[in-house]
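Reader: Could you take me through one part of this structure up close? I'm in my first year, so please explain the terms as you go.

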Amino acid sequence: MAQAFGLETIYAGDYPQAGNSIRFQITGADYRTALHDLEAATGSFVIPLSARLFMVSQDTPQKRTDLEQTIAISIPVPQALTTQELTEIANAVKQVTNIDKLAWNTTDGTIVIRDRVSRVLPAQALLQQLFAFRSEIMIDVEFLEVSDRDLANYGFNVTNAFQAIYLGKILNNVVTFPAGATSLFSFGGGKTLIGLTVAQAQAMFNETISSSRTLLRTQLRATEGQAATFHSGEKFPVITSQYAGQVAPAQQGQVYAPPVSFTYEDLGFNLKITPHVHGMGETTLTIDSSFEVLTGQSVNNLPIIGRRQLTGEVRLRDGEWAIVGGLMNPVDSRSVSGFWGLSSIPLLGNLFKQVSHTKSDENVLIAIRPRLLTLPPDQNLTPRLRVGTETRPFIPL
């Protein structure tokens with residue numbers, strides 16, 4: 001049969017030269033199919049030696065161990081896999097294919113396999129199938145912050161402090177009026193030498209309106225089951241430990257002060273999204289977002305950081321927008337100040353008080369949209385692998 005396909009054969013030294021006659025006939029088969037069928041019919045197995053030469057030997061476990069070729073291959077590992085997932089996949093492949101030597105090269109991210117051909121090739125195909133079945137999602141994120149503020153001050157500003165001024169002479173020197181005293185009121189119709197400054201009134205009405213909008217757009221590419229993170233802001237140093245006691249002098253007059261330990265805190269907007277794909281139609285997104293700012297206050301010289309956090313889950317169709325969270329901070333304050341006693345009189349008291357009215361509204365909205373980039377696992381066709389039996393494994397030609 002080898003001559004019919006233009007191939008050459010050699011036989012192992014202990015291969016039987018004569019035996020029972022068999023009838024072997026096939027049609028419409030290539031040389032690979034014909035050789036595999038003939039292996040099963042004669043209880044033999046074929047060991048390829050070159051492009052046109054192969055060896056034939058009896059099919060026994062010892063012969064396969066002695067004559068079957070051993071190869072070593074390296075398989076690249078996708079960066080999206082974690083160490084735990086890669087360990088589980090490698091253990092599953094070892095149990096299924098009985099691979100003896102399998103190692104993970106962390107330097108260039110590859111898996112190295114060394115064993116017999118009948119084990120290595122099925123293990124390679126199985127690893128590539130397990131690596132490929134991970135969906136990738138593009139997540140569009142829009143972060144919108146709207147701030148409106150209205151500050152109004154109105155009322156009458158009446159002087160509530162009066163100065164008593166001596167109008168006579170002290171040691172033949174005329175007393176000068178203090179700065180700001182433009183009018184005087186004297187006791188007793190001018191018969192006394194004591195005068196009081198006249199109260200001044202000023203009407204006021206001021207209004208300040210401010211509005212600001214901040215829109216941040218970004219895209220995150222994530223793998224199914226793996227978290228994608230995004231940070232917009234700056235890093236601020238925060239002291240974690242410092243020495244506050246007396247500094248002891250060291251040798252030769254030098255003074256040793258323990259160094260200060262600090263870490264960097266991420267200020268601004270932090271977003272973490274973990275997608276879970278449900279077929280071709282929908283995706284569940286696990287969201288963990290926070291917004292950190294300096295409050296302007298401190299305790300023991302350590303700044304206080306304000307944090308607003310939003311966590312939750314949302315299930316969306318492919319390409320569908322959704323408002324997944326909103327932080328609203330409305331403020332409405334009113335303060336009254338004025339002349340003591342007089343400002344409390346109904347109606348008339350409005351002439352002796354000032355009113356400050358502050359109204360602000362801060363809204364933070366987070367909108368996301370998932371878009372599927374690769375097919376989910378249930379849409380991929382798993383090819384069948386021919387591996388043979390435990391005692392007679394299949395050797396690809």
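Author: Sure, let's look at one sheet and the helix that goes with it. This is a predicted model, so local features need pLDDT of at least 70 and side-chain atom pairs count only at pLDDT 80 or more, while totals for chains, interfaces and linings use all residues. Residues are numbered from 1 along each chain as its sequence is written, and side-chain values use heavy atoms, with hydrogens and water left out.

For some background, the chain has four helices and 19 strands; these are DSSP runs numbered from the N terminus, with helices being H or I of at least four residues and strands E of at least two. Of the 397 residues, 29% are buried (under 20% relative accessible area, with a 1.4 Å probe and protein chains only).

Now for our sheet: it's an open one with three strands, ordered β4-β6-β5 and paired antiparallel. β4 (70-76) and β5 (101-105) are at the edges with a single partner strand each, so one side of each has no neighbour in the sheet. On average, neighbouring strands here are turned by 15 degrees against each other, direction ignored. Pairing takes at least two bridges found by DSSP between two strands, and β4 and β6 (residues 110-116) have seven, in the antiparallel sense. Pick Ile71, for example: its bridge partner in β6 is Asp115.

Finally, the helix: α4 (residues 117-132) lies across β4 and β6, and runs at about 155 degrees to β6. That angle is taken between N-to-C directions on a scale from 0 to 180 degrees, using axes fitted to C-alpha atoms, for helices over the stretch in contact (heavy atoms within 4.5 Å).

Definitions and conventions:
Buried < 20%, exposed > 50% of the residue type's maximum accessible area, 1.4 Å probe, protein only.
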